[in-house]
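Here is a quick tour of a two-part story: how the chains meet, and how a sheet is put together. Have the model open while you read.

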Amino acid sequence: MKEFNTRFQSYVTLIGRLLLGGVLLVAGGIKVAKPTDSANAVAAYKLLPTNVAHLFGYALPWLEVAIALLLIIGIMVRPAAIAGGVIMLIFIGAIGSAWARGLLLDCGCFGGGGEIDPSLASQVHRTYFIEIMRDLGLALTALYLYFFPYGKLSFEKAAVEE
Amino acid sequence: MAKQQVKSGDNTTRWIVIAMVLLVVVTGVVFSLMSQSNKENASLAALDGTKLQSAIVSTIDTANGSAITLNAGLPKTIDIWEDPQCPVCKNFEDANGGYIDSLIRDKKATVRFHVLSFLGDESVRAANASFCAADEGQYLDFHHALYAVQSSLENSGFWTNDKLVSIGKKIGINSTKFANCVTKGSKIDLVKTNYDSMPKFGVKGTPTVFINGKLWERKSPDFNLAEFKAAVEAA
(Lines give C-alpha, C1' and ligand atoms only; values in the text may rest on other atoms or scores of the structure.)
Protein backbone atom coordinates (compact mmCIF):
# COMPACT_ATOMS: atom_id res chain seq x y z
CA MET A 1 0.00 0.00 0.00
CA LYS A 2 2.74 2.37 1.04
CA GLU A 3 4.77 1.44 -1.99
CA PHE A 4 1.74 1.92 -4.22
CA ASN A 5 1.22 5.37 -2.76
CA THR A 6 4.85 6.34 -3.28
CA ARG A 7 4.67 5.34 -6.93
CA PHE A 8 1.28 6.73 -7.86
CA GLN A 9 0.66 9.47 -5.31
CA SER A 10 1.02 12.30 -7.81
CA TYR A 11 -1.65 10.74 -10.04
CA VAL A 12 -3.98 9.87 -7.15
CA THR A 13 -3.71 13.49 -5.98
CA LEU A 14 -4.58 14.73 -9.47
CA ILE A 15 -7.63 12.44 -9.66
CA GLY A 16 -8.71 13.51 -6.16
CA ARG A 17 -8.39 17.19 -7.04
CA LEU A 18 -10.42 16.76 -10.22
CA LEU A 19 -13.05 14.66 -8.44
CA LEU A 20 -13.64 16.97 -5.46
CA GLY A 21 -13.06 20.10 -7.54
CA GLY A 22 -15.28 18.87 -10.36
CA VAL A 23 -18.22 18.02 -8.11
CA LEU A 24 -17.94 21.36 -6.29
CA LEU A 25 -17.66 23.26 -9.56
CA VAL A 26 -20.80 21.67 -10.98
CA ALA A 27 -22.77 21.97 -7.74
CA GLY A 28 -21.67 25.56 -7.15
CA GLY A 29 -22.00 26.60 -10.78
CA ILE A 30 -25.62 25.45 -11.02
CA LYS A 31 -26.51 27.24 -7.80
CA VAL A 32 -24.69 30.47 -8.68
CA ALA A 33 -27.18 30.92 -11.51
CA LYS A 34 -30.16 30.54 -9.14
CA PRO A 35 -29.19 32.08 -5.79
CA THR A 36 -32.75 32.34 -4.43
CA ASP A 37 -33.27 28.60 -4.86
CA SER A 38 -30.09 28.01 -2.90
CA ALA A 39 -31.23 30.37 -0.12
CA ASN A 40 -34.65 28.67 0.03
CA ALA A 41 -33.00 25.23 0.06
CA VAL A 42 -30.80 26.08 3.04
CA ALA A 43 -33.75 27.59 4.92
CA ALA A 44 -35.75 24.38 4.35
CA TYR A 45 -33.33 22.47 6.61
CA LYS A 46 -34.59 24.62 9.50
CA LEU A 47 -31.17 24.52 11.18
CA LEU A 48 -30.43 28.25 11.09
CA PRO A 49 -32.57 31.34 11.66
CA THR A 50 -34.21 32.15 8.32
CA ASN A 51 -32.16 35.24 7.45
CA VAL A 52 -28.86 33.59 8.43
CA ALA A 53 -29.87 30.58 6.33
CA HIS A 54 -30.50 32.89 3.37
CA LEU A 55 -27.04 34.48 3.72
CA PHE A 56 -25.43 31.05 3.92
CA GLY A 57 -27.42 29.96 0.89
CA TYR A 58 -26.20 32.98 -1.07
CA ALA A 59 -22.57 32.48 -0.04
CA LEU A 60 -22.37 28.71 -0.50
CA PRO A 61 -22.41 28.52 -4.33
CA TRP A 62 -19.62 31.10 -4.66
CA LEU A 63 -17.60 29.38 -1.96
CA GLU A 64 -17.99 26.05 -3.75
CA VAL A 65 -16.86 27.53 -7.06
CA ALA A 66 -13.86 29.25 -5.43
CA ILE A 67 -12.71 26.06 -3.68
CA ALA A 68 -13.25 24.10 -6.90
CA LEU A 69 -11.07 26.44 -8.94
CA LEU A 70 -8.23 26.29 -6.39
CA LEU A 71 -8.38 22.49 -6.39
CA ILE A 72 -8.53 22.10 -10.15
CA ILE A 73 -5.79 24.62 -10.93
CA GLY A 74 -3.70 23.39 -8.03
CA ILE A 75 -3.25 26.50 -5.91
CA MET A 76 -3.33 26.23 -2.12
CA VAL A 77 -4.63 22.70 -2.44
CA ARG A 78 -4.19 21.90 1.25
CA PRO A 79 -6.30 24.82 2.59
CA ALA A 80 -8.82 24.27 -0.21
CA ALA A 81 -9.03 20.58 0.70
CA ILE A 82 -9.63 21.50 4.34
CA ALA A 83 -12.42 23.90 3.34
CA GLY A 84 -13.91 21.33 0.93
CA GLY A 85 -13.75 18.60 3.58
CA VAL A 86 -15.37 20.83 6.18
CA ILE A 87 -18.30 21.74 3.96
CA MET A 88 -18.78 18.04 3.10
CA LEU A 89 -18.97 17.30 6.83
CA ILE A 90 -21.51 20.15 7.21
CA PHE A 91 -23.59 18.63 4.38
CA ILE A 92 -23.45 15.18 5.98
CA GLY A 93 -24.52 16.67 9.32
CA ALA A 94 -27.33 18.69 7.74
CA ILE A 95 -28.75 15.80 5.70
CA GLY A 96 -28.39 13.42 8.66
CA SER A 97 -30.17 15.89 10.90
CA ALA A 98 -33.00 16.39 8.39
CA TRP A 99 -33.36 12.60 8.21
CA ALA A 100 -33.34 12.23 12.01
CA ARG A 101 -35.93 14.96 12.43
CA GLY A 102 -38.16 13.33 9.83
CA LEU A 103 -37.97 16.23 7.39
CA LEU A 104 -38.58 15.34 3.77
CA LEU A 105 -36.29 17.48 1.66
CA ASP A 106 -34.69 17.74 -1.70
CA CYS A 107 -31.12 18.36 -0.47
CA GLY A 108 -30.65 21.16 -2.99
CA CYS A 109 -27.13 19.85 -3.53
CA PHE A 110 -27.20 20.56 -7.25
CA GLY A 111 -29.78 23.33 -7.31
CA GLY A 112 -33.46 22.98 -6.54
CA GLY A 113 -34.23 22.08 -2.96
CA GLY A 114 -37.13 22.48 -0.58
CA GLU A 115 -39.76 20.24 0.92
CA ILE A 116 -41.02 17.10 -0.73
CA ASP A 117 -44.48 15.53 -0.85
CA PRO A 118 -44.97 13.04 2.04
CA SER A 119 -46.06 10.33 -0.41
CA LEU A 120 -42.44 10.06 -1.58
CA ALA A 121 -41.04 9.36 1.92
CA SER A 122 -39.30 6.03 1.26
CA GLN A 123 -37.69 7.35 -1.91
CA VAL A 124 -36.41 10.41 -0.03
CA HIS A 125 -34.85 8.25 2.70
CA ARG A 126 -32.93 6.22 0.12
CA THR A 127 -31.75 9.46 -1.50
CA TYR A 128 -30.53 10.73 1.91
CA PHE A 129 -28.44 7.58 2.32
CA ILE A 130 -26.89 7.90 -1.15
CA GLU A 131 -26.14 11.58 -0.60
CA ILE A 132 -24.46 10.94 2.74
CA MET A 133 -22.31 8.17 1.21
CA ARG A 134 -21.35 10.44 -1.69
CA ASP A 135 -20.37 13.29 0.62
CA LEU A 136 -18.47 10.88 2.87
CA GLY A 137 -16.46 9.72 -0.16
CA LEU A 138 -15.72 13.34 -1.07
CA ALA A 139 -14.71 14.10 2.54
CA LEU A 140 -12.23 11.19 2.42
CA THR A 141 -10.90 12.54 -0.88
CA ALA A 142 -10.37 15.88 0.86
CA LEU A 143 -8.54 14.09 3.68
CA TYR A 144 -6.17 12.45 1.18
CA LEU A 145 -5.52 15.83 -0.44
CA TYR A 146 -4.74 17.26 2.98
CA PHE A 147 -1.88 14.78 3.35
CA PHE A 148 -0.80 14.80 -0.30
CA PRO A 149 -1.74 18.11 -1.89
CA TYR A 150 0.96 18.14 -4.56
CA GLY A 151 0.74 16.07 -7.71
CA LYS A 152 0.56 16.15 -11.47
CA LEU A 153 -0.67 19.18 -13.43
CA SER A 154 -0.55 21.40 -10.41
CA PHE A 155 0.32 25.08 -10.32
CA GLU A 156 2.07 24.62 -7.01
CA LYS A 157 4.73 21.94 -6.60
CA ALA A 158 6.00 20.18 -3.53
CA ALA A 159 9.09 21.70 -1.93
CA VAL A 160 10.72 18.30 -1.63
CA GLU A 161 9.86 15.53 -4.07
CA GLU A 162 9.24 12.36 -2.10
CA MET B 1 1.01 9.18 6.91
CA ALA B 2 3.86 11.53 6.24
CA LYS B 3 2.56 14.88 5.13
CA GLN B 4 4.07 16.47 2.06
CA GLN B 5 6.18 19.49 2.87
CA VAL B 6 4.78 22.91 2.10
CA LYS B 7 7.00 25.15 0.08
CA SER B 8 8.32 27.83 2.38
CA GLY B 9 8.17 31.57 1.82
CA ASP B 10 4.75 31.72 0.14
CA ASN B 11 2.87 33.40 2.98
CA THR B 12 2.10 36.59 1.06
CA THR B 13 0.71 34.64 -1.86
CA ARG B 14 -1.38 32.59 0.55
CA TRP B 15 -3.03 35.66 2.05
CA ILE B 16 -3.62 37.18 -1.36
CA VAL B 17 -5.38 33.99 -2.49
CA ILE B 18 -7.48 33.82 0.68
CA ALA B 19 -8.43 37.48 0.26
CA MET B 20 -9.41 36.86 -3.37
CA VAL B 21 -11.61 33.91 -2.44
CA LEU B 22 -13.32 35.96 0.27
CA LEU B 23 -13.80 38.80 -2.19
CA VAL B 24 -15.53 36.48 -4.66
CA VAL B 25 -17.82 35.08 -1.96
CA VAL B 26 -18.71 38.47 -0.45
CA THR B 27 -19.33 40.01 -3.87
CA GLY B 28 -21.58 37.08 -4.73
CA VAL B 29 -23.61 37.49 -1.53
CA VAL B 30 -23.98 41.26 -1.89
CA PHE B 31 -24.96 40.86 -5.54
CA SER B 32 -27.57 38.21 -4.68
CA LEU B 33 -29.03 40.25 -1.81
CA MET B 34 -29.29 43.41 -3.89
CA SER B 35 -30.82 41.79 -6.93
CA GLN B 36 -33.36 40.02 -4.70
CA SER B 37 -34.57 43.15 -2.94
CA ASN B 38 -34.57 45.10 -6.23
CA LYS B 39 -36.74 42.42 -7.79
CA GLU B 40 -39.16 42.45 -4.85
CA ASN B 41 -39.58 46.22 -4.86
CA ALA B 42 -39.87 46.31 -8.64
CA SER B 43 -42.66 43.74 -8.47
CA LEU B 44 -44.82 46.26 -6.59
CA ALA B 45 -44.89 48.32 -9.77
CA ALA B 46 -46.93 45.52 -11.33
CA LEU B 47 -49.81 46.69 -9.16
CA ASP B 48 -49.77 50.23 -10.54
CA GLY B 49 -53.04 51.05 -12.24
CA THR B 50 -54.88 48.09 -10.71
CA LYS B 51 -58.59 48.93 -10.40
CA LEU B 52 -60.41 47.62 -7.36
CA GLN B 53 -63.24 45.32 -8.45
CA SER B 54 -66.72 45.57 -7.01
CA ALA B 55 -66.90 44.24 -3.46
CA ILE B 56 -68.16 40.69 -2.91
CA VAL B 57 -69.41 39.64 0.49
CA SER B 58 -67.67 36.53 1.71
CA THR B 59 -68.41 34.33 4.68
CA ILE B 60 -66.27 32.13 6.89
CA ASP B 61 -67.38 28.52 6.50
CA THR B 62 -66.63 27.08 9.94
CA ALA B 63 -67.87 23.64 8.90
CA ASN B 64 -65.17 23.55 6.24
CA GLY B 65 -61.98 24.58 8.00
CA SER B 66 -62.98 28.25 8.36
CA ALA B 67 -62.21 28.96 4.73
CA ILE B 68 -63.03 32.29 3.06
CA THR B 69 -66.21 31.35 1.19
CA LEU B 70 -67.63 33.14 -1.81
CA ASN B 71 -71.15 32.37 -3.09
CA ALA B 72 -72.00 30.06 -0.18
CA GLY B 73 -74.71 27.53 -0.93
CA LEU B 74 -74.41 26.88 -4.67
CA PRO B 75 -74.56 23.24 -5.84
CA LYS B 76 -71.07 23.24 -7.35
CA THR B 77 -68.20 23.72 -4.87
CA ILE B 78 -64.49 24.29 -5.35
CA ASP B 79 -62.09 24.14 -2.41
CA ILE B 80 -58.68 25.70 -2.96
CA TRP B 81 -55.95 25.13 -0.36
CA GLU B 82 -52.97 27.38 -0.83
CA ASP B 83 -50.16 29.22 0.96
CA PRO B 84 -49.53 32.78 -0.25
CA GLN B 85 -45.76 32.10 -0.40
CA CYS B 86 -46.02 28.80 -2.30
CA PRO B 87 -44.54 29.15 -5.80
CA VAL B 88 -46.63 26.33 -7.29
CA CYS B 89 -49.77 28.06 -5.97
CA LYS B 90 -48.68 31.07 -8.00
CA ASN B 91 -48.49 28.83 -11.08
CA PHE B 92 -52.03 27.61 -10.35
CA GLU B 93 -53.20 31.19 -9.88
CA ASP B 94 -51.51 32.39 -13.07
CA ALA B 95 -53.19 29.66 -15.12
CA ASN B 96 -56.64 29.51 -13.52
CA GLY B 97 -57.10 32.64 -11.40
CA GLY B 98 -59.05 34.56 -14.01
CA TYR B 99 -61.38 31.63 -14.69
CA ILE B 100 -62.05 31.12 -10.98
CA ASP B 101 -62.84 34.83 -10.73
CA SER B 102 -65.44 34.51 -13.46
CA LEU B 103 -67.01 31.47 -11.74
CA ILE B 104 -67.39 33.56 -8.61
CA ARG B 105 -68.62 36.76 -10.25
CA ASP B 106 -71.13 34.89 -12.45
CA LYS B 107 -72.29 32.86 -9.44
CA LYS B 108 -71.49 29.54 -11.12
CA ALA B 109 -69.87 27.94 -8.07
CA THR B 110 -69.20 28.22 -4.37
CA VAL B 111 -65.47 28.77 -3.97
CA ARG B 112 -63.75 28.25 -0.63
CA PHE B 113 -60.23 29.61 -0.21
CA HIS B 114 -58.34 27.87 2.58
CA VAL B 115 -55.49 30.29 3.18
CA LEU B 116 -52.65 28.31 4.75
CA SER B 117 -49.53 29.50 6.49
CA PHE B 118 -47.06 26.65 6.89
CA LEU B 119 -44.24 28.31 4.95
CA GLY B 120 -43.32 30.65 7.78
CA ASP B 121 -44.01 34.01 9.37
CA GLU B 122 -44.60 35.84 6.13
CA SER B 123 -47.32 33.37 5.19
CA VAL B 124 -48.95 33.94 8.56
CA ARG B 125 -48.94 37.71 8.00
CA ALA B 126 -50.19 37.39 4.42
CA ALA B 127 -52.96 34.99 5.49
CA ASN B 128 -54.02 37.35 8.28
CA ALA B 129 -54.12 40.23 5.77
CA SER B 130 -56.17 38.06 3.40
CA PHE B 131 -58.87 37.60 6.03
CA CYS B 132 -58.75 41.37 6.68
CA ALA B 133 -59.28 42.01 2.96
CA ALA B 134 -62.19 39.54 2.99
CA ASP B 135 -63.88 41.68 5.65
CA GLU B 136 -63.69 44.57 3.19
CA GLY B 137 -65.29 42.44 0.49
CA GLN B 138 -62.03 42.58 -1.48
CA TYR B 139 -60.51 39.16 -0.89
CA LEU B 140 -60.13 38.35 -4.59
CA ASP B 141 -58.37 41.62 -5.37
CA PHE B 142 -55.94 41.13 -2.52
CA HIS B 143 -55.38 37.48 -3.42
CA HIS B 144 -54.41 38.44 -6.99
CA ALA B 145 -52.15 41.22 -5.70
CA LEU B 146 -50.29 38.87 -3.35
CA TYR B 147 -49.49 36.43 -6.14
CA ALA B 148 -48.53 39.26 -8.47
CA VAL B 149 -45.81 40.38 -6.06
CA GLN B 150 -44.88 37.01 -4.54
CA SER B 151 -41.14 36.84 -3.79
CA SER B 152 -39.13 33.94 -5.13
CA LEU B 153 -37.35 33.86 -1.76
CA GLU B 154 -39.60 32.65 1.07
CA ASN B 155 -39.55 34.72 4.28
CA SER B 156 -37.14 37.20 2.75
CA GLY B 157 -38.41 40.01 4.97
CA PHE B 158 -40.52 41.40 2.11
CA TRP B 159 -44.02 40.85 3.51
CA THR B 160 -43.97 42.91 6.66
CA ASN B 161 -47.34 44.09 7.94
CA ASP B 162 -46.55 47.58 6.69
CA LYS B 163 -45.77 46.24 3.22
CA LEU B 164 -49.04 44.26 3.24
CA VAL B 165 -50.95 47.43 4.13
CA SER B 166 -49.23 49.29 1.31
CA ILE B 167 -50.02 46.45 -1.12
CA GLY B 168 -53.66 46.93 -0.08
CA LYS B 169 -53.39 50.70 -0.64
CA LYS B 170 -51.85 50.21 -4.06
CA ILE B 171 -54.90 48.26 -5.24
CA GLY B 172 -57.37 50.59 -3.56
CA ILE B 173 -58.09 49.10 -0.11
CA ASN B 174 -57.59 52.29 1.85
CA SER B 175 -59.69 51.87 4.99
CA THR B 176 -58.03 52.28 8.38
CA LYS B 177 -60.02 49.25 9.53
CA PHE B 178 -58.05 47.12 7.06
CA ALA B 179 -54.73 48.68 8.07
CA ASN B 180 -55.43 48.11 11.76
CA CYS B 181 -56.56 44.57 11.16
CA VAL B 182 -53.32 43.80 9.30
CA THR B 183 -50.93 45.47 11.73
CA LYS B 184 -52.65 44.09 14.84
CA GLY B 185 -52.88 40.57 13.43
CA SER B 186 -56.61 40.54 14.27
CA LYS B 187 -57.32 37.37 12.27
CA ILE B 188 -54.57 35.17 13.67
CA ASP B 189 -57.09 32.79 15.21
CA LEU B 190 -58.69 32.17 11.82
CA VAL B 191 -55.25 31.69 10.25
CA LYS B 192 -54.50 29.03 12.84
CA THR B 193 -57.88 27.31 12.44
CA ASN B 194 -57.28 27.08 8.70
CA TYR B 195 -53.84 25.59 9.20
CA ASP B 196 -55.07 23.14 11.85
CA SER B 197 -57.83 21.85 9.59
CA MET B 198 -55.37 20.41 7.02
CA PRO B 199 -55.19 16.84 8.39
CA LYS B 200 -58.97 16.63 8.75
CA PHE B 201 -59.34 17.13 4.99
CA GLY B 202 -56.25 15.08 4.12
CA VAL B 203 -54.39 18.09 2.75
CA LYS B 204 -50.62 17.57 2.82
CA GLY B 205 -49.34 20.21 0.48
CA THR B 206 -50.35 23.14 -1.67
CA PRO B 207 -52.00 23.82 -3.96
CA THR B 208 -54.67 21.20 -3.28
CA VAL B 209 -58.00 21.55 -5.03
CA PHE B 210 -61.26 19.70 -4.45
CA ILE B 211 -64.12 19.95 -6.93
CA ASN B 212 -67.44 19.03 -5.31
CA GLY B 213 -65.45 17.50 -2.47
CA LYS B 214 -63.42 15.28 -4.80
CA LEU B 215 -59.64 15.71 -5.02
CA TRP B 216 -58.66 17.15 -8.40
CA GLU B 217 -55.57 15.51 -9.84
CA ARG B 218 -53.94 17.25 -12.72
CA LYS B 219 -52.63 15.16 -15.60
CA SER B 220 -50.55 17.71 -17.44
CA PRO B 221 -47.10 18.62 -16.13
CA ASP B 222 -48.03 22.28 -15.77
CA PHE B 223 -51.30 23.86 -14.84
CA ASN B 224 -53.37 24.63 -17.87
CA LEU B 225 -56.67 26.36 -18.03
CA ALA B 226 -58.34 23.99 -20.50
CA GLU B 227 -57.74 20.99 -18.25
CA PHE B 228 -59.01 22.70 -15.10
CA LYS B 229 -62.00 24.20 -16.88
CA ALA B 230 -63.01 20.80 -18.26
CA ALA B 231 -62.78 19.27 -14.78
CA VAL B 232 -64.96 22.00 -13.27
CA GLU B 233 -67.53 21.84 -16.05
CA ALA B 234 -67.75 18.06 -15.91
CA ALA B 235 -68.47 18.10 -12.18
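What follows covers the interface, then the sheet in one chain.

This is a predicted model, where local features need pLDDT of at least 70 and side-chain atom pairs count only at pLDDT 80 or more, while totals for chains, interfaces and linings use all residues. Residues are numbered from 1 along each chain as written, chains are lettered from A in the order written, and side-chain values use heavy atoms, without hydrogens and water.

Let's start with the interface. Contact (heavy atoms within 4.5 Å) involves 25 residues from chain B and 29 residues from chain A. About 2,600 Å² is buried between chain B and chain A, with carbon and sulfur atoms giving 67%; that is accessible area (1.4 Å probe) lost when two parts are put together, summed over both. No salt bridges turn up between chain B and chain A, going by a Lys or Arg side-chain nitrogen within 4 Å of an Asp or Glu carboxyl oxygen.

Now the sheet. Chain B has an open sheet of 6 strands, ordered β1-β2-β4-β3-β5-β6, with mixed pairing; strands are DSSP runs of E, at least two residues, helices H or I runs of at least four, and pairing takes at least two DSSP bridges. β1 (58-61) and β6 (214-215) of chain B are the edges, each with a single partner strand, so one side of each has no neighbour in the sheet.

Two helices of chain B pack on that sheet, with angles (0 to 180 degrees) taken between N-to-C directions of lines fitted to C-alpha atoms, for helices over the stretch in contact:

| Helix | Strands touched | Angle with β4(B) |
|---|---|---|
| α4(B), residues 139-148 | β2(B), β3(B), β4(B) | about 50° |
| α7(B), residues 188-196 | β1(B), β2(B), β3(B), β4(B) | about 100° |
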